[in-house]
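Visitor: Before we go through the terms used for this protein, could I have the model in view, so that each word can be set against its value?

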Amino acid sequence: VFFFFLNLIFYKNILPAQLLAFSTSSSAATLPVTMERVTEHVGVDDEVASFVLPLGATINMDGTAIYQAIAAIFIAQVMTIDLSLSQQLMIILTATLASIGSAAVPSAGMVMLVIVLGQAGIPEAGLALIFAVDRPLDMLRTVVNVTSDSTVAVVIAKSEGLLHEPEVKNWDDNYVE
């Protein structure tokens, strides 16, 4: 129960970064807000945040990796293509590696999905099945990317003893009439 409430506080503190990630679909565009929220509202040291968050926005695309693997398997199922266990494992590996190489801009994961489909022998024409719903999915996977970057920053700061009390406790504390 304690960890549940601790997580709620964390998510409340990074919510503006998540909302910006949702609206822009870009980890790179969200980076300044993410850094501000993680340092001032969560309490991660500037040294950790200034290293971990830009690196995470560049190569830590968890939402994209998950999306590419699920999309490739979905397309294969719709096209009635049976995938062996080794093909499925290769989809996971390729999706992970492709997500590391994808840009932190909107819909970059869709371009990298072509690589994943090609590796598995799934026709690229299957992209048409998910193209129409890619925008809202892109918004959601960017939120996953920003949340995981923030989580990694907190874990590293905690392990290095660089997690301290947040500078800004609550937005009400800064409100002056």
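**Two threonines and two helix pairs**

Guide: Thr 39 lies in helix H2, and the model in which we see this residue is a predicted one.

Visitor: Why is Thr 39 called buried?

Guide: The relative accessible area of Thr 39 is 8%, and the word buried is kept for values under 20%, so Thr 39 is counted as buried.

Visitor: What makes the approach of the Thr 39 side chain to the backbone oxygen of Met 35 a polar contact?

Guide: The side chain of Thr 39 comes to 2.7 Å from that backbone oxygen of Met 35, and the cut-off for a pair of N or O atoms is 3.5 Å, so the distance satisfies the limit. Apart from neighbours within four places in sequence, Thr 39 is also in contact with Val 44, Asp 45, Asp 46, Ala 49 and His 164.

Visitor: How do you know that H2 is roughly antiparallel to H3?

Guide: The axes of helix H2 (residues 27-42) and helix H3 (residues 46-59) cross at roughly 155° and come within 10 Å. Angles over 145 degrees count as roughly antiparallel, and therefore H2 is described as roughly antiparallel to H3. Their crossing is right-handed. On the H2 side the meeting residues are Ser 27, Leu 31, Thr 34, Met 35, Val 38 and Thr 39, and on the H3 side they are Asp 46, Ala 49, Ser 50, Leu 53, Pro 54 and Ala 57; by class, this contact has seven nonpolar, four polar and one charged residues.

Visitor: Why is Thr 24 called partly exposed?

Guide: Thr 24, which lies in helix H1 (residues 2-24), has a relative accessible area of 26%. Buried would need a value under 20% and exposed a value over 50%, so Thr 24 falls in between and is called partly exposed. The side chain of Thr 24 reaches the backbone oxygen of Leu 20 at 2.8 Å, and, leaving aside neighbours within four places in sequence, Thr 24 is in contact with Ala 29, Thr 30, Pro 106 and Arg 135.

Visitor: What makes H5 roughly antiparallel to H6?

Guide: Helix H5 (residues 85-101) and helix H6 (residues 108-120) pack at an angle of about 155°, with their axes 9 Å apart. Since the term applies to angles over 145 degrees, H5 is roughly antiparallel to H6. H5 passes H6 in a right-handed crossing, and the residues of their contact divide into eight nonpolar, four polar and no charged.

Technical notes
Residues are numbered from 1 along each chain as its sequence is written. This is a predicted model: local features need pLDDT of at least 70, side-chain atom pairs count only at pLDDT 80 or more; totals for chains, interfaces and linings use all residues. Side-chain values use heavy atoms; hydrogens and water are left out. Axes are lines fitted to C-alpha atoms, for helices over the stretch in contact, and angles run from 0 to 180 degrees between N-to-C directions. Helices (H or I, at least four residues) and strands (E, at least two) are DSSP runs, numbered from the N terminus. Angles under 35 degrees count as roughly parallel, over 145 as roughly antiparallel, 65 to 115 as roughly perpendicular and the rest as oblique. A crossing is left-handed if the near helix is turned anticlockwise from the far one by less than a right angle, and right-handed if clockwise. Ala, Val, Leu, Ile, Met, Phe, Trp, Tyr, Cys and Pro count as nonpolar, Asp, Glu, Lys and Arg as charged, and the others, Gly among them, as polar. Buried means under 20% relative accessible area, exposed over 50%, partly exposed in between (1.4 Å probe, protein chains only). Contact means heavy atoms within 4.5 Å. A polar contact is a pair of N or O atoms within 3.5 Å; within protein, one must be able to donate a hydrogen and the other to accept it, and residues adjacent in sequence count only if both atoms are side-chain atoms.
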